[in-house]
Amino acid sequence: MPTTMKESNSNGIEENKEAVVTLIEGDGIGPEIIQQTIRILNEAKSGLQFEKVEAGSSVYLSGILSGIAENAWDTIRKYPTILKGPITTPRGKGYKSLNVTIRKTLGLYANVRPAKTYNPFIRTNHPNTDIVIIRENEEDTYAGIEHRQTREVTQCLKLITVPGTEKIVRYAFEFARSNGRKKITCMVKDNIMKITDGLFANIFQTVAKEYPEIEAESMIIDIGAALLANRPQKFDVILAPNLYGDILSDIAAEVTGSVGMCGSANIGDFVSMFEAVHGSAPDIAGKNIANPTAVIKATVMMLTHLGKTEKAKLIRNAVLKTIEDGFRTADIFQNQKNTTLVGTKEYVDAIIDRLGKNPEVLSASELVKPKSFILSLPTLKEKKELVGVDIFLDIPSDRDPNTLGKNIEVITENFLHLKMITNRGVKVYPKGQKETFLTDHFRCRFISPNGGKIQHKDITAVLTILESKGYDFIKTENLYEFDGVPGYSLGQGE
């Protein structure tokens, strides 16, 4: 039975002390690249022991939809550093992504994904690129709150919170400060999603004022992604909400060489998890051709996190020396001069042979663990007032919006005023355009006849009358003002 980790200081364990890591081998290529990585750790005398837990396809198929055995949570609490192989989420209803489940359940709010070129040894169009993507890991559309509301329309909720955003923004600035990074670029789409992405961008700009030595810039995600693909040297640290960060990190990985070369860290207040960026690649599992570099680099990040910096450097330098000496797995082999195509095991053999050797050309950025911080933005105390409601109706898409609007106005006029009706966000009543394409999903916005506050009973009265007339309401969203500022997206003419 492994011994528990002995703390020596705030940075982690003593360099030569043993530590216990929770191990999730994963699916597809996961077990083979994890086991090959453990070979390196053992040969490097890293002082790590592993407590394996069951998770992934075998657990899914046993009927556990979360993909992780119930007793695994106790192991993780006891040994809160996780080394994880890639997991396959079965297709079909009910199965939940294990990655998302672990990150959200354990509060792993910061996803750190470095991407660096290995020029001239691994071909790239963008030499001298050294980027770190810091991705918010718990919120956004990855909350996984989805609904099928009508026969034609589905929805996914995007959740961005004040404390969740402040936490990832402060982490990004502390990471940059601790690692000597000079600039953070925040990528959002706040020109369209003015409330959700707008909140993320506003908190970024507010916190940035506390770090005057770090350049802070905001960029629209579409042009940001284009620039990352074409001019990645422009960037240093990129900060993004969950979905954008996921996409950007894969772009960065490909730009700098291969997804198979990039590891990642998932950082929380109590638990941290280290894994490859790539997926489980079941089509090449068991063929001894997978590239283990990503999970090896994730392990180097894990050693640094645990305070075993010398062991991290030992393995990192051996990997760089192996790359310099021309050993390549299939995904990065391009038949260049002085290169050798090798399998997974042979690649790891070469790394083990080079433990204790230093690269002659390549260098790696140190990824220092950032200092702890506290959330300090003031608690919001705005006056919150209910001023209206959006009621969503399931109506056949061939229904004329003008007829629909006039009928609803007549039956609700004694309760609330129907201000407008939209379809997929486009106003169709009053004064809609005949060319607008319609689905069976109509949003009716009601406000006070006098403009001002309303009460919940006004909303229930409207719902009652709509139901009595045979209208199928599928969702309501209350409209609030905060200190007189609308907390909802405005329609045309509002």
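**Aromatic pairs, nonpolar cores and the setting of Ile289**

Isoleucine 289 is partly exposed, with a relative accessible area of 35%. That value falls between the 20% limit for buried and the 50% limit for exposed, hence the intermediate class. The model is predicted. Isoleucine 289 belongs to the loop that runs between strand S14 (272-276) and H9. Leaving aside residues up to four places away in sequence, isoleucine 289 touches Ile284, Thr329, Ala330 and Thr344. Its C-alpha atom is separated by 9.6 Å from that of tyrosine 347, although the two residues are 58 residues apart along the chain.

The chain has 494 residues, and 52% of them are buried. Its secondary structure comprises 13 helices and 22 strands. The C-alpha trace spans about 80 × 55 × 45 Å along the principal axes. Of the contacts between residues at least 6 apart in sequence, 76% join residues at least 24 apart.

Confidence was examined next. Mean pLDDT for the chain is 92, and 95% of the residues reach 70 or more. Residues 1-13 have pLDDT below 50, and this stretch makes 36 contacts in the model beyond near neighbours in sequence. Where pLDDT is low, predicted coordinates should not be read in detail.

The structure contains 4 aromatic pairs. One of them joins tyrosine 109 and tyrosine 171 edge-to-face, with 6.0 Å centre to centre and 85° between the planes. Tyrosine 109 sits in the loop between helix H4 (98-105) and strand S6 (110-116), and tyrosine 171 in helix H5 (residues 162-178), so this pair ties together parts that are 62 residues apart in sequence. Both tyrosine 109 and tyrosine 171 are buried. For phenylalanine 173 and phenylalanine 204, the ring centres are 5.5 Å apart and the planes meet at 25°, so the pair is stacked. Phenylalanine 173 belongs to helix H5 and phenylalanine 204 to helix H6 (residues 196-208), so parts 31 residues apart in sequence are tied together. Phenylalanine 173 and phenylalanine 204 are both buried. A single aromatic cluster is formed by Tyr109, Tyr171 and Phe175.

Helix H5 carries several of these rings, among them Tyr171 and Phe173. H5 has 17 residues and reaches 24 Å from first C-alpha to last, close to the 24 Å expected at 1.5 Å a residue. Of its 17 residues, 12 are buried, so H5 is largely enclosed by the rest of the structure. The buried set includes Gly164, Glu166, Arg170 and Glu174 as well as Ile168, Val169 and Phe175.

Nonpolar packing was then considered. The largest nonpolar core holds 70 residues, of which Ile134, Phe173, Ile184, Leu239, Ile315 and Ile323 touch the most other members. Helix H9 (residues 293-305) supplies the largest share of this core, 8 residues. A second, separate core of 25 residues includes Leu393, Ile408, Val428 and Val462. In soluble globular proteins, nonpolar side chains tend to be buried together. Isoleucine 134, not counting residues up to four places away in sequence, touches Asn111, Ile168, Tyr171, Ala172, Phe175, Val237, Ile238, Leu239 and Ala240.

Lysines also meet aromatic rings. The charged end of lysine 384 sits over the ring of tyrosine 480, at 4.3 Å from its centre. Lysine 475 lies over the face of phenylalanine 392, 5.2 Å from the ring centre.

Methods. Residues numbered from 1 in each chain as written. Heavy atoms only, no water. Phe/Tyr/Trp six-rings, centres within 6.5 Å; stacked < 30°, edge-to-face > 60°. Helix = DSSP H or I, 4+ residues; strand = E, 2+ residues; numbered from the N terminus. Buried < 20%, exposed > 50% of the residue type's maximum accessible area, 1.4 Å probe, protein only. Lys NZ or Arg CZ within 6 Å of the ring centre and 35° of its normal. Core = buried A, V, L, I, M, F, W, Y, C linked by side-chain atoms within 4.5 Å. Contact = heavy atoms within 4.5 Å. pLDDT = per-residue confidence, 0-100. Expected span 1.5 Å × (residues − 1).
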